[in-house]
Every structure is written in C-alpha cells, then in structure tokens.
Amino acid sequence: MTIKGASPGLYNEDLAPAKVRNWGPFSIFNVWTSDVHSLWGYYLAASLFLFCGGFFNFIIAIGIGSLIIYALMNLVGYAGVKTGVPYPVLARASFGIWGANVPALVRAIVACFWYGAQTAAASGAIVALLIRNEGMLAFHQNNHLLGHSTLEVICFVVIWALQLLIIQKGMETVRRFQDWAGPAVWIMMLILAIYLCVKSGKFAFTSDIPLDVLREKTKDAGIPGDPGSWTALFGVAAIWVTYFSALYLNFCDFARYAPDKAALRKGNIWGLPVNLILFSLVAGVTTIAAYDVYGEVLLHPDQISAKFDSWFLALLAALTFAVATLGINVVANFVSPAFDFSNVFPRQIDFKKGGYIAALIALILYPFAPWEGSAASFVGIIGATMGPIFGVMMVDYYLIRKGEVDVEALYREDGEFRFQGGWHVNAFIAAGIGAVFSSILPNFTNWLPVWWGVYGWFFGVAIAGVIYYILRSASAAVPVKA
C-alpha cells in the first residue's frame with residue numbers, strides 16, 4: 001500500500017503498511033515456538049508447576065490461561081492483518097500521531113529488560129557447560145567483573161553480539177531463523193525429559209515433591225494460598241496470561257505479514273493453546289523427573305543439564321538453549337523496539353538502528369540484573385505496565401472504531417488522528433489511571449491486598465479500557481460549535 005502525502009516525521013519504509021504477506025500458518029506458529037521455547041519460558045512454566053501442587057491442576061490452570069492468550073492474540077492479530085501496520089503506528093489511532101511515541105517507548109523499554117533477561121539466561125547455559133572443566137570453574141569462582149563472574153560477563157557479551165547478526169537483513173531473516181529454531185528446541189526439550197525419565201526409572205504425572213518444599217520454593221512470588229489451592233491456580237493462570245503481555249501489544253508487528261485471518265488463526269491455534277499446553281506438560285514431567293533423580297527442585301534447564309553425566313548431552317543442551325533464547329529475543333525483544341524506536345525518529349532511525357539501541361540498553365542493564373529473583377514476580381511487575389495501553393487500544397479499535405481505521409491518516413500530521421496537537425488526552429487519562437492501579441499502587445505502596453499485583457495486568461486493561469470508553473462516549477456526545 002502506497003501512502004500519498006505521508007509526513008516525513010511519521011513515515012519510513014519500515015513503518016509503512018506491509019507489502020509482502022508471506023507469513024503462512026507455519027511461520028505464525030513458529031513465532032510462538034520461538035517465543036515460548038526459551039530458558040525463561042521453561043523457568044516460568046516449571047515455577048508455576050510448583051504452585052499447582054500436582055500435574056492435573058497444572059494442566060487445567062495452564063490450559064485456561066492458554067485459551068485466554070489465544071483469544072487476545074487473535075484480537076490484536078486481526079488488526080495487524082487488516083491494517084498491515086506495526087504496533088507503534090496502530091497506537092496512533094488511539095494515542096495520537098505524536099502521543100503514540102509514549103506507548104511505543106514503554107513497549108521498547110520493557111523489551112530491553114526482557115532482552116537482557118533472556119540473554120543472561122542463555123549465557124548462563126553456556127557458563128554451566130564450561131564450568132564442568134576444573135580450570136574454567138576456578139576462573140569462574142575467582143574472577144569477577146561488573147557484579148558477575150568474569151566468565152559470565154564474557155558469555156553474556158558473546159551471546160549478546162551473536163543476536164545482532166541475525167537481524168542484518170530485516171524481517172525475512174527473522175522469519176527464516178525462527179522457522180528452524182523453534183522446532184529444534186522442542187526436540188531438545190523432549191530429549192531432556194526422556195533422559196531424566198529413563199534415569200529416574202519411571203514416567204510420572206504425579207509429583208513426589210513434599211508440600212513443605214513447594215511452600216519454601218513459592219513463598220516469595222506473591223501468589224496467595226497453598227500450592228494446589230484454587231487461589232493458587234487462578235494466580236498461575238493469571239501469571240501465564242501476563243507473561244505474554246508485551247506481545248499482546250506488538251503481535252501486529254508479525255500478523256501484518258500474514259495473508260489473511262484464516263492463516264493467522266491456524267498458526268495461533270497450533271502455536272498457542274496446543275503448543276503451550278504440550279510445552280508446559282514437558283516442563284512439568286521434567287521437573288518431577290529431575291526431583292526424583294537429583295533430590296532437589298531444579299527450575300532452570302541449565303541447572304539440570306549441568307548435572308548430566310554425558311558431556312555431549314550437556315553440550316547439546318547448552319547450545320540448544322542458547323539458540324532458543326536467540327529465537328525469543330529476536331521475535332519478542334528485538335523486532336518490537338526496532339519498530340518502536342524507529343517510530344519516534346523515523347527520519348533518523350530505521351529498523352536495524354532501533355534494534356541496536358534496544359541491544360545497547362540491555363547491555364547497560366546487565367550489571368544491575370533487574371531480572372534476577374522470582375520469575376512470577378518479575379513477569380507480574382513488567383507485564384502490569386502494559387495492561388492499560390492494551391485496554392485503550394483494543395477498546396478504541398473494536399468498540400469505538402468497529403474495526404475500521406483510515407490507514408493513510410495514520411501517516412499524516414493533519415489527519416483525524418491529530419487530536420489535541422498530535423496527542424489524544426482521553427487516551428492518556430485512561431491509561432494513566434489504569435497504570436496507577438496496575439503498577440504504581442501494588443508495587444510502591446501497601447495500600448492494596450498482596451494478591452493484587454498478580455492480577456495487575458488485568459486490572460490495568462479493565463480500568464483503562466472502561467475509562468477510555470466513557471471519556472470517548474462523553475466527548476462524542478458534546479455538540480461541536482459551528
């Protein structure tokens with residue numbers, strides 16, 4: 001689609017509506033295999049398994065959460081298919097042509113945090129492999145830099161740099177990489193599960209992990225109730241849904257390359273509920289088998305692979321987990337900020353430069369390691385910041401505009417999305433109030449119940465969405481003066 005009269009401050013080739021739409025169901029499916037099949041994805045799934053207290057409860061909680069994720073991704077995905085625009089451009093319809101830079105930067109900053117977290121996880125898998133050598137172990141224990149061991153820093157920088165090579169030729173390279181990276185991780189996950197089941201002498205769907213061990217492992221995550229209780233199961237489903245909060249915003253960055261809604265739905269149904277449940281099943285079986293074999297709860301795959309008797313299997317696992325993390329970082333944490341930073345300065349920053357900025361910020365964050373600690377808490381805090389934005393955008397697209405957006409006006413300074421000087425005040429009021437209840441109050445005060453933060457993303461979506469709808473309806477009812 002050619003945009004006539006586009007403003008140079010709102011347009012470049014990377015932000016333009018997609019012209020080539022060759023992402024079929026398999027490519028959409030592999031967006032999700034790349035996004036889920038990572039060390040952090042496994043770590044979260046294994047952590048949530050502990051809260052469920054048993055395998056049956058785990059599958060129910062993850063299954064419900066996965067169906068919600070599927071429905072939400074279809075909502076934002078349909079908008080991407082229809083308009084062909086990336087997330088920061090779609091945000092102009094609700095936040096204004098200049099105001100959209102704010103939600104774009106919020107998403108970009110979140111991606112930088114996740115970029116660092118995933119890279120640290122991948123480098124940790126390499127470190128776990130290397131310290132099997134006594135010389136490397138001594139180097140790891142005795143040499144430190146920037147708050148980490150020097151070996152950890154070296155591995156982090158190497159993995160960080162390798163990711164930059166993948167995106168040299170843009171989105172088509174991303175598609176090709178993820179089409180083989182996602183399935184490769186599935187194979188390694190199955191090998192890991194089978195190896196442990198054989199070593200333990202059984203294939204178990206029931207957990208032998210004592211309740212007191214589960215309580216100790218889950219006490220700091222903020223999810224109320226004992227493991228296996230209904231309150232814990234609802235919390236698990238909520239955290240699982242929140243884990244994908246970043247991609248609810250920018251899934252249209254990928255969906256816009258799909259030829260039609262049918263291809264999107266087919267890719268999503270296999271990539272989300274089917275793939276998520278099966279992946280979680282493998283994570284649960286592996287967690288149980290690892291406890292039976294080693295007598296301790298091991299939530300990180302690299303912790304398990306470090307205990308392998310076979311050096312070859314440990315090498316294979318470390319390399320596969322590193323590839324997995326490259327996949328999710330490219331899909332979830334490089335593409336989005338690349339578009340987001342480009343949206344802020346389209347004349348100066350293209351797709352590649354935007355991605356490089358995100359990578360640099362992640363590198364700067366590494367010494368502080370804000371992602372270390374409870375997986376559930378980190379996901380909840382990060383995800384809650386994006387709920388209000390999602391609520392405003394979906395209410396605007398589906399309830400206010402009924403799915404009809406003038407795409408060309410998204411690139412014009414004098415079009416309908418100029419609002420108040422390029423900023424839509426109603427959207428910012430709604431998102432601001434939503435953020436108070438989703439992020440600020442639960443994280444910086446003790447005014448709300450301890451469980452509130454677990455559902456912060458949901459509160460943000462609901463509160464911001466309702467307020468935005470009321471404000472838009474009220475402004476539409478005010479007669480315009482001649």
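# Cavities, core and cysteines in a predicted model

Me: What is Leu471 in contact with, leaving aside its neighbours within four places in sequence?
Reply: Leu471 is in contact with Asn426, Ile429 and Ala430, once those neighbours are left aside. Contact means heavy atoms within 4.5 Å.

Me: What are the ground rules here?
Reply: This is a predicted model: local features need pLDDT of at least 70, side-chain atom pairs count only at pLDDT 80 or more, and totals for chains, interfaces and linings use all residues. Residues are numbered from 1 along each chain as its sequence is written, and side-chain values use heavy atoms, with hydrogens and water left out.

Me: Back to Leu471. Which helix is Leu471 in?
Reply: Helix α22, residues 456–477. Helices are DSSP runs of H or I with at least four residues, strands are E runs of at least two, and numbering starts from the N terminus.

Me: Is Leu471 buried, partly exposed or exposed?
Reply: Leu471 is partly exposed, at 24% relative accessibility. Buried means under 20% relative accessible area, exposed means over 50%, and partly exposed is in between (1.4 Å probe, protein chains only).

Me: How far apart are Leu471 and Ala427?
Reply: 8.6 Å in space, C-alpha to C-alpha, and 44 residues in sequence.

Me: New topic. What is the volume of the largest pocket?
Reply: About 520 Å³. On a 1 Å grid over the protein atoms alone, a pocket is an open set of points with protein on both sides within 12 Å along at least five of seven lines; a cavity is a set where a 1.4 Å probe fits but cannot get out; lining residues have an atom within 4 Å of a point. Points are joined across faces, edges and corners, and a volume is the space filled by probe spheres set on them.

Me: Which residues are closest to the centre of the largest pocket?
Reply: Ala120, Ala121, Gly124, Asp302 and Glu372, of the 22 that line the largest pocket.

Me: Which helix gives the most to that lining?
Reply: α6, with 7 residues. α2 (39–52) and α15 (301–305) each supply at least two.

Me: And how does that lining divide by class?
Reply: 12 nonpolar, 7 polar and 3 charged. Ala, Val, Leu, Ile, Met, Phe, Trp, Tyr, Cys and Pro count as nonpolar, Asp, Glu, Lys and Arg as charged, and the others, Gly among them, as polar.

Me: How many cavities of 30 Å³ or more?
Reply: 3. The largest holds about 100 Å³ of space. Its lining includes Asp35, Arg107, Trp114 and Phe244.

Me: What about the second largest cavity's space?
Reply: About 40 Å³. α20 (387–400) gives the largest share of its lining, 3 residues.

Me: Now the core. Which residues touch the most other members of the largest nonpolar core?
Reply: Met73, Trp240, Phe244 and Phe251, out of 153 residues. Apart from it lies another core, of 5 residues, among them Cys112 and Phe341. A nonpolar core is a set of buried Ala, Val, Leu, Ile, Met, Phe, Trp, Tyr and Cys residues joined through side-chain atoms within 4.5 Å.

Me: How many disulfides?
Reply: 0. A disulfide is a pair of cysteine sulfur atoms within 2.5 Å.

Me: Why no bond for Cys52?
Reply: Because the closest cysteine sulfur, in Cys197, is 19 Å from the sulfur of Cys52, too far for a bond. Cys52 is buried, at 0% relative accessible area.

Me: And why none for Cys112?
Reply: Its closest cysteine sulfur is in Cys252, 18 Å away, so that is too far as well. Cys112 is buried, at 1% relative accessibility.
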